[in-house]
Amino acid sequence: MDPNFRQPGPGKSPMGMDLIPVMAGEEPASDASEVKLSGTEINAIGVRTAIAQSSEISEQIETVGNVAYDDHLTSHVHTRVDGWIEALNVRAVGDPVKKGDVLFEMFSQTIGSSSSDLVRALEAGNPRIISAARNALRSQGMSDAQIKRIEASGELARNIEVLAPQDGVVISLEAAEGMFLRPDVRAVSITDPRDVWLIVDVFERDIARLSANMRALARFDHLPGRLFEGEIDYIYPALDARTRTLPVRLRLDNEDGLLRPGMFGTVTLVPEASRTALTVPTEAIIRTGSAERVILKTGNGTFKPRLVTTGLRDSFGEGGRTEIMQGLAPGEEVVASAQFLIDSESALSAGLMRMAPTDDAPARGTGTLVALDRETRITTIRHGALAALDWPAMTSRFALRSDIALERLEVGQEVTFMAARGADGLLSLIELGADDGIAATGQGKILAVTDEGKLTVAHEPIPELGWPAMQMDMDVAGFAPSEAPLDQPIEFDLAKGEDGLFTIVALRGTDMAAGSDTAASNAAAPEAAAPPITVSGTIDAVDAAARMATITHGPIAEIGMPGMTMEFALTEGLDPAALPVGEVAQLTFARPDGMTMILAEAAPTAPPMEVNGMINSVDASAGTANITHGPMTEIGMPGMTMDFAVAPSVEASSLPLGQEVTLELARNPDFSLTLVGTRNAGAAQ
């Protein structure tokens, strides 16, 4: 259950379970999440791998449709006079016809009378009467060829010949031999089947991505392997209220006559624009409720999980692949089958926290700023390997948090950054700055040098850090505090340490009048509000009339502010009388303009929980301690070995290793536990 608990001989774990022997040569890898398989095991479970590769992708629309005749190529035949059909030349639906073919002959008294008028006009020789007689026959539907035959023979016609208006096939036939036909009856319908329509239904959720210039790809079950390409002919104006879909008409070439009305097909609508992205087989992605990962082949028979962020899935190109937005580089090899078996063998309990960096434990990296969109706050960075994520060197795209200042950033410069994973699964940057060691530059005056060798500085607002104008004690590095000029306008550079706090690393004299433009720009508050900050502290006093509180707080790692005592305003809805004065509390500060901190909430902190245990090891750089503890009855946790965060107030080097002690664990708002002290024989540390 806990691979980190080891003993030199047989025994039981803190949970009471028998330890499993590990023989020489079977020791687990240094990375607990890595799995090593022999060639026999790889063949037995059917491990297949695939290469992550760049592909042309576009956000396509998948839908279905039905074939229909093209109404633009369809003609309907009506007669213009009453009569009886005496000769019918088309007998059934589907009969092919050519333009000008006689469909049927119809006897009509009206035609007989009009043809007689033409014969008499010809005998009289009056051109005006001849023209009128011809026009009468034309208006009754007689063709010019039949009129010329009457003129040539001089004999009146009893029947009118009804001709095919176009090439095609008969798709409707109401006429029958001997039938009395009226003009309001549609005798024959003819269409050209060489072009057909495909009426598809676009779901309401996809309408926003629909455009008239999309290319259509259609497939039909009865024609495996055959792909029909077409174009959008018309997008209908109204949604189908019953199916909540929008009809879209496609035009397809049907020269081979393979498509027939009523056939059902699947359709992909492909936009003109596409982009290049890294893709892997969809089956290689392991999806859980909180993260997505792949199993990466790291060597001959070795595999390990890798956190990734996916984009489009199965809706581009040839299908069956998924876009990888973050976490893989081209050419890396992932497991596409049996990955769940390997994943279950991986000691993920030791690796998942590292694989999913948070604001409290971000992934740090350096690289080159390739692109920066200041409006959408999206950046592309070509970075080195990120050990915290086990990512190789690659180019990644990140969103930027609203409180990151962009004024000092330019494309092409070397940068440092910290990334954390949000609820959407994407890794976003919570810090980004030039890789010159300088996080920000401020202006102000040095008022004094403290006994501890710190500088008491009264400074103007520093928008890059979200700091308002204030007075504070600051550590220095790179020069002696005694060299600092007192009560003179200065400009100072701040560098951020591993503990997240800032140190003054350089001082320069400045003329505040000459630097008024800079001071004014520094004083300008950011347009957007910043996320609230929660920190432990004590409310020393409250001025209810002025709605101000004097607070002593601990270090604020989010903005690199050291612990200090200062006054804060209260939010409008906070009751001064309800504040816990003189008690340690969890203090929440709102930042409406990105810099000004206003006390929004103060919740008394519960006393630390005590439990017996042993500190096995301490990782000072990560701020964690590996601890074997007994049962915690207050929260129902059994005894086990696990890593705990160490409070900044605890000196990691002073923690007793390998001894039975009483552990003091503070309960955090996110239900995690933090080591805040130890007791041994009544002595607190």
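In this predicted model, Gly-384 is found in the loop between strand S25 (378-383) and strand S26 (394-399). Gly-384 counts as partly exposed because its relative accessibility is 26%, and partly exposed residues lie between the limits of 20% and 50%. Leaving aside residues up to four places away in sequence, Gly-384 touches Thr-366, Pro-392 and Ala-393. Its C-alpha atom is separated by 6.7 Å from that of Met-394, although the two residues are 10 apart along the chain.

**Helix H3**

Helix H3 comprises the 13 residues 127-139; at 1.5 Å a residue they should span 18 Å, and the end C-alpha atoms are indeed 18 Å apart. Ile-130, Ala-133 and Leu-137 are the buried residues of H3. Seen down the axis of H3, these residues fall within an arc of 65°, so they line one face of the helix. An α-helix has 3.6 residues a turn, so residues three or four places apart point the same way. The buried residues of H3 pack against helix H2 (109-124) and helix H4 (144-153), whereas the face turned away from the buried side carries the exposed residues Pro-127 and Arg-128.

Both ends of H3 can be described. At the N-terminal end, Asn-126 acts as a cap, with a side-chain oxygen 3.0 Å from the backbone nitrogen of Arg-128. H3 is followed by Gly-141, which has a positive phi, near 100°.

**Strand pairing**

Strands S9, S8, S6 and S11 form, in that order, an open sheet with antiparallel pairing. Its edge strands, S9 (159-163) and S11 (180-181), each pair on one side only. Within the pair S8 and S9, Phe-104 stands opposite Val-162 in S9. Elsewhere, strand S33 pairs with S31 and with S32; in these pairs, Val-476 has Ile-504 in S33 as its bridge partner, and Ile-490 stands opposite Gly-509 in S33.

| Strand pair | Bridges | Sense |
|---|---|---|
| S8 (residues 102-107) and S9 | 5 bridges | antiparallel |
| S31 (residues 470-476) and S33 (residues 502-509) | 2 bridges | parallel |
| S32 (residues 489-496) and S33 | 7 bridges | antiparallel |

**Nonpolar cores**

In soluble globular proteins, nonpolar side chains tend to be buried together. The largest nonpolar core here has 38 residues, of which Trp-467, Leu-494, Ile-504, Met-561, Leu-587 and Leu-599 touch the most other members. Another core, of 29 residues, lies apart from it and includes Val-119, Ile-150, Val-170 and Ala-187. Among the residues that Leu-494 touches are Ile-438, Ile-462, Leu-465, Trp-467, Met-474, Phe-502 and Ile-504.

How values were computed:
Residues numbered from 1 in each chain as written. Predicted model: local features only at pLDDT ≥ 70, side-chain atom pairs only at ≥ 80, totals over all residues. Heavy atoms only, no water. Pairing = 2+ DSSP bridges. Helix = DSSP H or I, 4+ residues; strand = E, 2+ residues; numbered from the N terminus. Core = buried A, V, L, I, M, F, W, Y, C linked by side-chain atoms within 4.5 Å. Buried < 20%, exposed > 50% of the residue type's maximum accessible area, 1.4 Å probe, protein only. Contact = heavy atoms within 4.5 Å. Expected span 1.5 Å × (residues − 1). Arc of directions from axis to C-beta. Polar contact = N/O pair within 3.5 Å; in protein donor to acceptor, adjacent residues only side chain to side chain.
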